[in-house]
Amino acid sequence: MTYKVLVSDPVSEEGLKILREAAHVEVVQQTGLSEEELANVIGQYDALIVRSQTQVTAKVIERADRLKVIGRAGVGVDNIDLPSATAKGIMVVNAPDGNTISTAEHTFSMLMALARRIPQAYLKLKQHIWDRKAFVGVELNGKTLGIIGLGRIGTEVAKRAKAFNMTVIAYDPYLTPEKAEKLGVHYGQLNDVLKQADFITVHTPLLKETRHMISHDQFKLMKDGVYILNCARGGIIDEDALYEAIITGKVAGAALDVFEEEPATHHRLLELDQVIATPHLGASTKEAQKNVAIDVCHEVLKALEDQPVKNAVNLPSIPAHIFKKVEPYFLLSERLGSFVAQAAVGAVKEIHISYAGELTDLDVGPLTRNVIKGVLSYHLGLQVNQVNAPYLAKQREVQINEQKTSSSGGFTNLIEVRLVTTQETKRVAGTLLNGYGARIVKVDQYSIDVEPTGHLIYVRHYDRPGVIGRVGTLLGSHDVNIATMQVGRSDVGGDAIMMLTVDKPVSKEVLDQLSDLPEIKSVIEIDL
Ligand SMILES: NC(=O)c1ccc[n+]([C@@H]2O[C@H](COP(=O)([O-])OP(=O)(O)OC[C@H]3O[C@@H](n4cnc5c(N)ncnc54)[C@H](O)[C@@H]3O)[C@@H](O)[C@H]2O)c1
Ligand SMILES: O=C(O)CC[C@@H](O)C(=O)O
């Protein structure tokens with residue numbers, strides 16, 4: 001059988017030749033296809049290889065009847081509708097390592113160009129104007145670089161900054177003071193980075209939690225005359241807030257490689273002299289394109305030949321007989337991980353998972369991987385899957401401990417997840433109730449009974465008369481309907497929790513108002 005592979009973005013020939021040289025593969029290159037055009041041809045192909053331009057939408061996937069694998073030559077898979085691909089059984093693979101250095105170097109080029117106003121001076125000279133007074137820059141030497149997101153690229157940027165004698169302060173949910181010390185960077189919370197840095201660069205994925213993570217309130221905390229860089233994803237920085245911060249002089253300059261909507265040829269930020277920009281060129285080097293093309297083509301070939309792949313973004317690979325037994329606990333295990341990651345404060349250090357009751361007879365490996373996936377996905381997004389979750393945890397020095405125990409607290413099956421962070425230990429336990437589905441039955445020392453689904457509000461408070469009423473009244477006054485409410489307390493008048501299920505996401509303003517109510521200790525919104 002011959003496999004047909006469609007390459008719909010420019011991808012390096014050095015990678016494609018791996019496919020061309022495979023006897024049973026035919027490669028077709030067709031770039032610049034509209035959604036409609038791609039949907040019309042996709043039915044003929046077994047594999048699709050893209051970079052970031054091609055939008056692999058639900059409509060395209062719906063027509064992809066032969067498609068076995070989608071290969072992304074790069075890291076971000078935000079241009080691929082992963083749920084649709086997964087639902088149709090199409091594997092998505094990426095090439096996460098090949099463009100790290102290029103993107104770090106691009107960020108550093110932008111940092112230097114921003115500090116010395118090189119693009120602005122270049123433009124003037126091209127207009128035959130020899131203006132030396134207008135382009136006085138600032139040195140990097142002795143300045144503080146704030147890095148938000150110290151993953152692959154952030155870490156490489158940090159190394160380069162240190163070579164320039166910069167102080168580096170970083171915030172990442174997986175960064176602990178010990179790891180920071182090893183890397184030679186200062187450990188900070190987000191606000192520390194915002195307050196202390198002269199230059200701030202973001203290197204996180206674009207997730208619900210990171211969308212607009214730098215907005216009006218965050219700009220207010222920064223030093224006057226701060227410089228901002230985004231070579232990660234448009235949308236991490238709120239572009240309207242950035243515009244305002246530049247106009248008011250809070251931000252002295254910004255370097256942008258990415259935009260909320262691309263191509264961004266007419267963006268109003270581009271009108272500002274303080275803004276320098278490139279059209280999403282972070283990964284555009286011969287080396288990176290060669291690396292990612294080779295990596296992704298190897299992966300696509302393996303997927304076509306049913307061999308194990310390293311960088312599958314969506315599909316688990318579990319033998320069928322094990323899958324059948326553990327499948328009912330899949331949702332519960334992942335949601336417990338996700339719950340505890342959202343509920344806990346501080347950088348993740350250890351994940352302890354214990355299984356009790358009838359689960360002790362099963363191979364719980366896939367469930368453990370699912371719990372880890374649930375924890376890590378909160379900060380690492382779509383790149384985490386069943387296959388790579390333990391590897392990603394190890395890479396981040398997160399310790400994993402799995403055990404089976406006889407104490408099931410009266411439940412026929414029980415999964416307990418204990419997350420140890422730099423600041424606290426958070427526990428959650430769940431069970432699968434025969435005929436009723438998954439339930440969270442314990443949070444820390446409190447017994448509750450909550451379906452792990454939808455929008456939850458987790459309130460810690462003091463057990464005093466009137467607290468529950470005030471919470472209900474406040475939510476009601478903001479048109480937030482409470483679907484269920486569970487209350488747990490340690491002892492009368494002592495610490496207590498409330499777990500509310502609400503029908504729609506609650507705005508930050510309402511959550512802040514809830515936190516300000518008397519006797520409330522903390523309020524966290526959890527999306528499952
Ligand atoms: N401009 C380009 O051409 C280009 C090229 C490659 C990658 N990228 C983008 O760069 C970004 C980083 O890529 P990477 O390979 O370093 O990814 P990575 O997964 O190695 O690192 C991302 C880091 O962000 C951290 N993070 C997640 N949520 C956070 C939060 N709320 N606050 C602080 N940190 C948080 C994660 O813990 C992780 O360590 C991604 O958005 C990727 O798509 C852009
Ligand atoms: O394909 C590109 O050049 C962009 C790649 C980059 O944004 C990525 O996420 O890997």
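Here are some short exercises on two sheets and two ligand sites, each with a worked solution.

Keep in mind that this is a predicted model, where local features need pLDDT of at least 70, side-chain atom pairs count only at pLDDT 80 or more, and totals for chains, interfaces and linings use all residues. Residues are numbered from 1 along each chain as its sequence is written, while chains are lettered from A and ligands numbered from 1 in the order in which they are written.

**Exercise 1. Find the order of the five strands that form an open sheet, and say which stand at the edges.**

Step 1. Start with the terms: helices (H or I, at least four residues) and strands (E, at least two) are DSSP runs numbered from the N terminus, and two strands pair if DSSP finds at least two bridges between them.

Step 2. Read off the order, E2-E1-E3-E4-E5, with parallel pairing.

Step 3. Look at the ends. Strand E2 (25-29) and strand E5 (91-94) each have a single partner strand, so one side of each is left without a neighbour in the sheet.

Step 4. Check one pair: E4 (residues 69-72) and E5 are joined in the parallel sense by four bridges, and Val69 has Met91 in E5 as its bridge partner.

**Exercise 2. Which strands does helix H12 lie across?**

Step 1. Contact here means that the C-beta atoms of two residues, placed from the backbone, lie within 7 Å. Axes are lines fitted to C-alpha atoms, for helices over the stretch in contact, and angles run from 0 to 180 degrees between N-to-C directions.

Step 2. Helix H12 (residues 286-304) lies across E1, strand E3 (47-50), E4 and E5, and runs at about 170 degrees to E4.

**Exercise 3. Work out the pairing in the open sheet of four strands.**

Step 1. The order is E20-E21-E19-E22, and the pairing is antiparallel.

Step 2. At the edges are strand E20 (482-489) and strand E22 (520-527); each has a single partner strand, so one side of each lacks a neighbour in the sheet.

Step 3. Follow strand E19 (residues 455-462) to E22, an antiparallel pair with seven bridges; His461 is the bridge partner of Ile520 in E22.

Step 4. Now turn to E21 (residues 495-502), which eight bridges join to E19. Here Arg460 has Ile497 as its bridge partner.

Step 5. Add the helix: H18 (residues 508-516) lies across E19 and E22, at about 150 degrees to E22.

**Exercise 4. Describe what surrounds ligand 1 and ligand 2.**

Step 1. A residue is near a molecule if its C-beta atom, placed from the backbone, lies within 6 Å of it. For classes, Ala, Val, Leu, Ile, Met, Phe, Trp, Tyr, Cys and Pro count as nonpolar, Asp, Glu, Lys and Arg as charged, and the others, Gly among them, as polar.

Step 2. Ligand 1 is surrounded by 34 residues, the closest being Gly76, Gly149, Gly151, Ile153 and Gly282. By class, 16 are nonpolar, 13 polar and five charged.

Step 3. Why does ligand 1 lie between two domains? Domain 1 (3-98 + 287-304) and domain 2 (100-277) both give residues to its shell, so ligand 1 lies between them; the bounds come from an automatic or database domain assignment.

Step 4. Around ligand 2, the residues include Arg51, Asn99 and His280, and the shell has two nonpolar, seven polar and one charged residues.
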